Amino acid sequence: MEKPIKLDALGERFTRWFNFGSYAIDNSGEEWKTRRHRISPTRIWELWKDPNTAIGLGFGKKTRVAAIDIDAGGQYYNESDLQTICEALESIGIGEQVLIQSSHSGGWHVWFGLPNAIPTFALSCALMEVLAQYGVNVRPGHCEIFPNRKGWTKGEITKYNRVRLPLQPQSGSALLDGDLAPYSQSIKVFLDQLEQSADTCDIDLLLESCAEARANYSPFAKPNGFAPRSRVASEWRKSDLAIIAQPWEPHDSNTRLGVIARYGVVFERLTGDDLVDYIVKTATNTPGYSKHCRHQGEIKAWASRWGRCAEGKYYAYEPKKQTKPAGPSNDERQQAATERLIGAMAKLRAEGELPNGVKARETVLVDLAGISKSTLWKPRYKALWHPKWVSDKSPNTPPLKHSPSIRSASPHPPTITVWDRLREILAARGLLQPPTRWRAGEGASALAVQLARARDAYEACSPCARALVAQLSRRTLTFVDTG
């Protein structure tokens, strides 16, 4: 039995930060592939040292490390936007970062460590939110965050995106100095700086930012988080207007420009150059702008970045909602289905094409009456077509319909003559063998008692009887026997 390979001191330091071995990806020169099985920290270290294999790791439920990827040739691949991203991280407690060149492509990775593991998804929400506040629109090919704010799919495991490990031998990865020039490829130096980044992190501020961002995020929220004509929309509009009207304060540029851009998209319904012009005009007309804004010489560039960010995040508010026209009521749909079914049965009987088998009859009626199988088998409709109750020669009689004019005819329970009609229906169902009589003045409850007593004699037709009794019991009618 082989002894397990022990990590050296540097490997132990490395794998304290990079050790999540599930769903790892590697590339041996052809394409990136996802490993089917979890790999150990020892194997991670071995793959990192292999100059012929690039390796990337994902994230678990908690993490102590994260990175921001700025792609070469992307929108934010410049010193000014890099500084903005670092300022955004500082605002949530990440005071120091480790900047490296990610590979031969020349892209940048901004790494930072944390003093202890924190919830991964909450951290991704905080990164996404703070970058948006600083005008950075996170999207592939320009700027990405690791861990990413992943989506959710019911019944499936959604994985975080994997990030390439730093400073692999012969990968082109290197530490960058203040002038963005490579100066070292030492993993030891990188780990020293990563540990220093963790030591200087304001973990309380970061955890507070993570909790707030996580609470703000919902993948199921409506656009902008409110519905048309809602009180929330009105309050949001008033709040943004109040912020915009306040005098410009020192260090207020990012927050103020973000609010102006959001208001322009949501409530002014502006896009593109119109939105940029609106941001510039609104900002420059704010009291205190010329005194406290530090970006006056590049205000249009800042407005353009904030405009793109707001357009990617928000939707124009729709004050008018088109209401869906009301369709037929349930009673109307049921009555229409009943009439179609009776008509189809009558047509089949008249043409001598009514099948005797249950399945055959069901199939024909689904096509001819336009009624689904589940509807046909409901008690309301089953007695109108099923061979157990309706033969190919028996009449197909529709259920009794209640006339709304009966109740309004008299303040007392109305008296109507229904014996002939009721006797015809019961006879068609085989329920009058021998005829059953009711005394004058007895209502639906008495009918229910009589039919309950005859249940054993008419077992085959009891479902039809119960349906008829239930229908009659819902009406305040008094039956008179005229037979």
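**Helix packing and local environments**

In this predicted model, helix H8 (residues 253-266) and helix H11 (residues 299-313) have axes that come within 9 Å and cross at roughly 55°. That angle lies outside the ranges for roughly parallel, antiparallel and perpendicular pairs, so the two helices count as oblique. Their crossing is right-handed. On the H8 side, the contact is made by Asn-254, Leu-257, Gly-258, Ala-261, Arg-262 and Val-265. H11 contributes Ile-299, Trp-302, Trp-306, Gly-307, Ala-310 and Glu-311.

A second helix pair involves H1 (residues 9-17) and H2 (residues 41-49). Here the axes come within 10 Å and cross at roughly 105°. Since angles of 65 to 115 degrees count as roughly perpendicular, H1 is roughly perpendicular to H2. Leu-10, Gly-11, Phe-14 and Thr-15 of H1 meet Pro-41, Ile-44, Trp-45 and Trp-48 of H2.

Helix H13 covers residues 358-369, twelve in number. At 1.5 Å a residue, these should span 16 Å. The C-alpha atoms at the two ends are 16 Å apart, in agreement with that expectation. Four residues of H13 are buried: Arg-361, Glu-362, Leu-365 and Ala-369. They cover an arc of only 100° around the axis, and therefore lie on the same side of H13. The other side carries Lys-359 and Asp-367, both exposed. Cover for the buried residues of H13 comes from elements including helix H12 (330-350) and helix H14 (373-376). After H13 comes Gly-370. The phi of Gly-370 is positive, near 65°.

Attention turns next to a strand residue. Val-98 is placed in strand E5, which runs over residues 98-101. Its relative accessibility is 1%; because the cut-off for burial is under 20%, Val-98 counts as buried. Neighbours within four places in sequence aside, Val-98 is in contact with seven residues. Among them are His-109, Val-110 and Trp-111. Leu-175, Phe-190, Gln-193 and Leu-194 are also in contact with Val-98. Asp-192 lies 94 residues from Val-98 along the chain, yet their C-alpha atoms are separated by 9.8 Å.

How values were computed
Residues are numbered from 1 along each chain as its sequence is written. This is a predicted model: local features need pLDDT of at least 70, side-chain atom pairs count only at pLDDT 80 or more; totals for chains, interfaces and linings use all residues. Side-chain values use heavy atoms; hydrogens and water are left out. The expected span of a helix is 1.5 Å times one less than its number of residues. Buried means under 20% relative accessible area, exposed over 50%, partly exposed in between (1.4 Å probe, protein chains only). The arc is that of the directions from the helix axis to the C-beta atoms. Contact means heavy atoms within 4.5 Å. Axes are lines fitted to C-alpha atoms, for helices over the stretch in contact, and angles run from 0 to 180 degrees between N-to-C directions. Angles under 35 degrees count as roughly parallel, over 145 as roughly antiparallel, 65 to 115 as roughly perpendicular and the rest as oblique. A crossing is left-handed if the near helix is turned anticlockwise from the far one by less than a right angle, and right-handed if clockwise.
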